[in-house]
Amino acid sequence: MHWLTLERNDADALMKQLYRQLRHAVLEGRLEPEERLPSSRELARLLGVSRNVVLEVYEQLAAEGYVASRRGSGTFVAPGARYGLPRNDAPSSGSSSEAGAEADLVDFRTGVPLLREIPWKAVARSFRRVRDRTPSNAWGYGAPEGTPVLREALARFLARSRDISCSPGDLVITNGAAEALCITALLLARQGKTLVVTEDPVHLHFQQTLRLAGAELYPVSVDEAGLRTDELPRNVRPGAVFLTPSHQFPLGGTLSVQRRIDLAAYAAATGCLLIEDDYESEFRFEGLPVSSLRELVPSSTVYIGSFSKILSPALRLGYAIVPSHLGEDFRRIKYDVSNHTSSVEQRIVADLLDEGVVERHIARMKRFYREGRKRLVRNLADAFPGRHEIGSAGAGAGLHLVVRFPGLVFDAERCSRIEARGVRIHPVEGHAIRKGHYGEWVILGYGNLSFDAMDEGVARLRAALDAERA
């Protein structure tokens with residue numbers, strides 16, 4: 001067993017090192033079935049360790065079935081324990097060279113806020129207040145609908161910031177907006193309502209979430225005024241219409257009041273549910289936030305929001321305002337899906353809401369994103385004069401813009417060649433249900449990019465697209 005090596009300066013204890021090496025030797029077949037292992041006294045002498053170390057390792061391996069002890073004969077490798085683990089020296093996706101390339105990559109990813117500006121000092125103060133004020137019995141499993149303290153604070157916040165009137169009892173706290181959508185789709189599926197009308201294009205992740213919950217998608221086109229209500233199906237009754245009316249993703253349009261009224265009438269006529277994802281409504285650069293669709297039809301609308309863009313995606317805190325007649329079923333499915341959402345994070349965010357931190361942070365970030373959008377538009381104009389078109393919808397809101405480059409179709413191979421030059425872009429076509437309409441369009445997210453990174457990214461994109469045209 002010359003291959004056994006123990007490092008006394010290693011962070012792992014000697015027993016753990018020996019156990020790991022013997023276990024891998026059995027799995028990989030270097031120790032054959034029925035092969036006799038050295039006695040504990042002999043192996044301890046060879047390795048220069050206490051015999052107790054070897055005895056404990058042998059006992060652990062025997063308990064897991066890797067070896068078997070036979071009275072008077074010794075310890076033997078058990079049959080049937082060979083598996084063939086992958087070699088530790090095999091190349092992995094996390095190699096240092098690839099990690100370095102990723103660090104140098106300018107990624108115009110959308111939906112990510114400016115992470116370096118998270119108000120950590122305020123978060124730390126809130127954490128200390130929550131720690132000191134919360135009784136120990138509150139740190140067990142929570143209610144599926146969320147802690148009362150967050151639901152109460154959130155109801156007050158929505159009334160102030162979005163002019164939305166709801167009671168804490170109408171709110172269910174979820175693990176991000178995607179879980180709220182998943183629960184809604186599961187609720188509909190249990191009622192036998194699996195047909196869901198969606199905008200097209202619509203966020204790919206939400207398409208996948210709906211399908212995972214058993215939904216069949218019915219795509220409807222969008223334009224600058226949002227979802228085309230004239231394309232709503234008239235010969236079938238969908239279970240729901242899912243849309244992003246405040247800032248359509250990815251094209252950016254805002255649903256007009258005329259189409260909101262059309263949708264309200266459609267919901268009344270068909271009995272369908274309206275699922276309103278209030279995507280990026282907080283980051284409207286001029287004027288007040290767009291009014292919610294729920295305002296028109298509260299009894300038929302599930303309103304979904306989250307703190308991912310406001311504070312951080314790492315929080316995984318979302319919420320749904322659920323019509324009262326669906327509340328019990330929604331809470332029951334929430335319990336079945338994930339039991340409850342982190343009570344620690346809920347209480348911290350409740351404190352941040354009540355202290356006014358969230359609203360001040362939103363106001364500050366709006367200034368960052370407004371200047372970031374201006375910078376990106378100016379850079380594109382300088383780099384591609386007369387060779388690009390910026391989507392006009394949603395020009396005064398959000399963390400991304402869409403750009404068309406006539407004559408270039410951004411398929412997977414082209415995007416891969418562009419990325420090899422150090423810049424990652426995201427095709428609109430990737431979010432389209434019906435393919436072939438947005439091949440020349442890309443999404444450029446600027447929320448989490450510094451001005452320097454934005455400048456460099458556009459410069460790299462120009463070099464890459466010049467090479468593509470050549």
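Reader: How many bridges join strand β8 to strand β9?

Author: In this predicted model, β8 covers residues 240–243 and β9 covers residues 273–277. The two strands run parallel. Within the pair, F242 stands opposite I275 of β9. The number of bridges joining β8 to β9 is four.

Reader: Which strands are the edge strands of the open sheet of eight strands?

Author: The order of this sheet is β4-β11-β10-β9-β8-β5-β6-β7, and its pairing is mixed. An edge strand here pairs on one side only. That applies to β4 (171–174) and β7 (226–227).

Reader: What angle does the direction of helix α8 make with that of β6?

Author: Helix α8, residues 204–212, packs on the sheet of eight strands. Its contacts there are with β5 (195–200), β6 (216–223), β8 and β9. The angle between the directions of α8 and β6 is about 155 degrees.

Reader: Which strands does helix α9 lie across?

Author: Helix α9 spans residues 257–270. It runs at about 155 degrees to β8. The strands it lies across are β6, β7, β8 and β9.

Reader: Why are helices α2 and α3 called oblique to each other?

Author: Helix α2 (residues 40–47) and helix α3 (residues 51–63) pack with their axes 8 Å apart, at an angle of about 125 degrees. Angles from 65 to 115 degrees count as roughly perpendicular and those over 145 as roughly antiparallel. The angle of about 125 degrees fits neither class, so the term for α2 and α3 is oblique.

Reader: How many residues of the contact of α2 with α3 are nonpolar?

Author: From α2, the contact takes S40, R41, L43 and A44. From α3, it takes R51, V54, L55 and Y58. One of these residues is polar and two are charged, and the nonpolar ones number five.

Reader: Which strands stand at the edges of the open sheet of four strands?

Author: This sheet has the order β12-β13-β16-β15, with antiparallel pairing. A strand with a single partner has one side left without a neighbour in the sheet, so the edges are β12 (389–390) and β15 (426–427).

Reader: Which residue of β16 does H426 stand opposite?

Author: β15 pairs with β16, residues 441–445, in the antiparallel sense. Two bridges make up this pairing. Opposite H426 in β16 is I443.

Reader: Over which residues is the pLDDT below 50?

Author: The protein averages a pLDDT of 92, and 96% of the residues score at least 70. One stretch falls below 50, and beyond near neighbours in sequence it has two contacts in the model. That stretch is residues 88–94.

Key: Residues are numbered from 1 along each chain as its sequence is written. This is a predicted model: local features need pLDDT of at least 70, side-chain atom pairs count only at pLDDT 80 or more; totals for chains, interfaces and linings use all residues. Side-chain values use heavy atoms; hydrogens and water are left out. Two strands pair if DSSP finds at least two bridges between them. Contact means heavy atoms within 4.5 Å. Axes are lines fitted to C-alpha atoms, for helices over the stretch in contact, and angles run from 0 to 180 degrees between N-to-C directions. Angles under 35 degrees count as roughly parallel, over 145 as roughly antiparallel, 65 to 115 as roughly perpendicular and the rest as oblique. Ala, Val, Leu, Ile, Met, Phe, Trp, Tyr, Cys and Pro count as nonpolar, Asp, Glu, Lys and Arg as charged, and the others, Gly among them, as polar. pLDDT is the predictor's confidence in each residue, from 0 to 100.
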